[in-house]
Amino acid sequence: MLEQRAQKHHRERLGEAIREEIGAILEGELGDPRIGLVTVSEVLMAPNGKSANVLVAVAGEAQEAVDTIEGLTAATGFIRHEIARRLALRTAPELFFRLDQSERYGGRVEELLKRVNKKRKR
């Protein structure tokens with residue numbers, strides 16, 4: 001039980017370190033014009049630690065988000081190499097970039113709650 005908890009804690013720490021490093025790489029080291037204003041929201045590590053889903057929030061229109069995900073996917077090899085080098089990992093986890101929809105969903109939920117409250121007041 002203790003070993004499982006320690007492994008989980010290690011994965012969480014590694015995920016946070018990867019999130020910070022990807023953020024630093026995105027700030028100025030990628031020259032792909034498809035990549036817009038992007039923020040790394042969260043890195044979700046697989047239980048075996050061999051892969052990770054990288055949730056990114058993209059400012060702008062839906063097409064900009066699609067283009068940014070394409071650009072990030074194209075740069076995955078470079079990003080993995082940099083993460084392995086910077087964090088002194090033998091092998092960096094395989095990265096899968098996903099669009100973080102939580103802000104959009106949160107805004108939609110708030111809008112629906114406001115509508116419900118207006119109807120109740122009538």
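**Exercise 1. Strand partners**

Which residue in strand 2 is the bridge partner of Met-45? Work through the pairing of the three strands.

*Solution.* Begin with the ground rules. This is a predicted model: local features need pLDDT of at least 70, side-chain atom pairs count only at pLDDT 80 or more, and totals for chains, interfaces and linings use all residues. Residues are numbered from 1 along each chain as its sequence is written, and side-chain values use heavy atoms, with hydrogens and water left out.

Step 1. Find the partner. Met-45 is bridged to Ala-52 in strand 2.

Step 2. Set the rule for pairing. Two strands pair if DSSP finds at least two bridges between them. Strands (E, at least two residues) and helices (H or I, at least four) are DSSP runs, numbered from the N terminus.

Step 3. Apply the rule. Strand 1 (residues 38-45) and strand 2 (residues 51-58) run antiparallel and are joined by seven bridges. Within this pair, Val-40 stands opposite Val-56.

Step 4. Look at the turn. The hairpin of strand 1 and strand 2 has five residues between the strands. There, Gly-49 takes a positive phi near 80 degrees.

Step 5. Move on to strand 3 (residues 94-99). Strand 2 runs parallel to strand 3, with six bridges between them. Ala-52 appears again here: its bridge partner in strand 3 is Leu-95.

Step 6. Add a general point. In a regular strand the side chains alternate between the two faces of the sheet.

**Exercise 2. The whole chain**

How many helices and strands does the protein have? Describe the order, the spread and the surface.

*Solution.*

Step 1. Count the elements. The protein has four helices and three strands. Along the sequence, the pattern is α-β-β-α-α-β-α.

Step 2. Check the spread. The radius of gyration is 18 Å, well over the 14 Å that the globule rule gives for 122 residues, so the protein is more spread out than a compact globule. The radius is taken over C-alpha atoms, and the rule is 2.2 Å times the number of residues to the power 0.38. Along its principal axes, the C-alpha trace spans about 65 × 45 × 15 Å.

Step 3. Turn to burial. Of the 122 residues, 26% are buried. Buried means under 20% relative accessible area, exposed over 50%, and partly exposed in between (1.4 Å probe, protein chains only).

Step 4. Take the contacts with a separation of 6 or more. Residues 24 or more positions apart account for 61% of them. A contact means heavy atoms within 4.5 Å.

Step 5. Finish with charge. There are 21 positive and 19 negative side chains, and the centres of the two sets lie 9 Å apart. Lys and Arg count as positive, Asp and Glu as negative; His and the chain ends are not counted. Each charge is placed at NZ of Lys, CZ of Arg, CG of Asp or CD of Glu.

**Exercise 3. Two buried helix residues**

Is Gly-71 buried or exposed? Compare its setting with that of Thr-76.

*Solution.*

Step 1. Place Gly-71. This glycine lies in helix 2 (residues 62-74). Gly-71 is buried, at 0% relative accessibility.

Step 2. List its partners. Leaving aside neighbours within four places in sequence, Gly-71 is in contact with Asp-32, Arg-34 and Ile-35. Its C-alpha atom is 9.1 Å from that of Gly-36, 35 residues apart along the chain.

Step 3. Place Thr-76. Thr-76 lies in helix 3 (residues 76-86). Its relative accessible area is 12%, so Thr-76 is buried.

Step 4. List its partners. With neighbours within four places in sequence set aside, Thr-76 is in contact with Leu-95 and Phe-97. The C-alpha atoms of Thr-76 and Phe-96 are separated by 8.1 Å.

Step 5. Complete helix 3. Its buried residues are Thr-76, Ile-79, Glu-82, Ile-83 and Ala-84.

**Exercise 4. Outside the core list**

Where is the place of Ala-88? Describe Ala-88, then Ser-102.

*Solution.*

Step 1. Ala-88 sits in the loop between helix 3 and strand 3.

Step 2. Check the backbone. Ala-88 is not a glycine, yet has a positive phi of about 55 degrees.

Step 3. Check the cover. Ala-88 is exposed, at 68% relative accessibility.

Step 4. Go to helix 4 (residues 102-121), where Ser-102 is found. Ser-102 is partly exposed, at 46% relative accessibility. The C-alpha atoms of Ser-102 and Leu-55 are separated by 9.8 Å.
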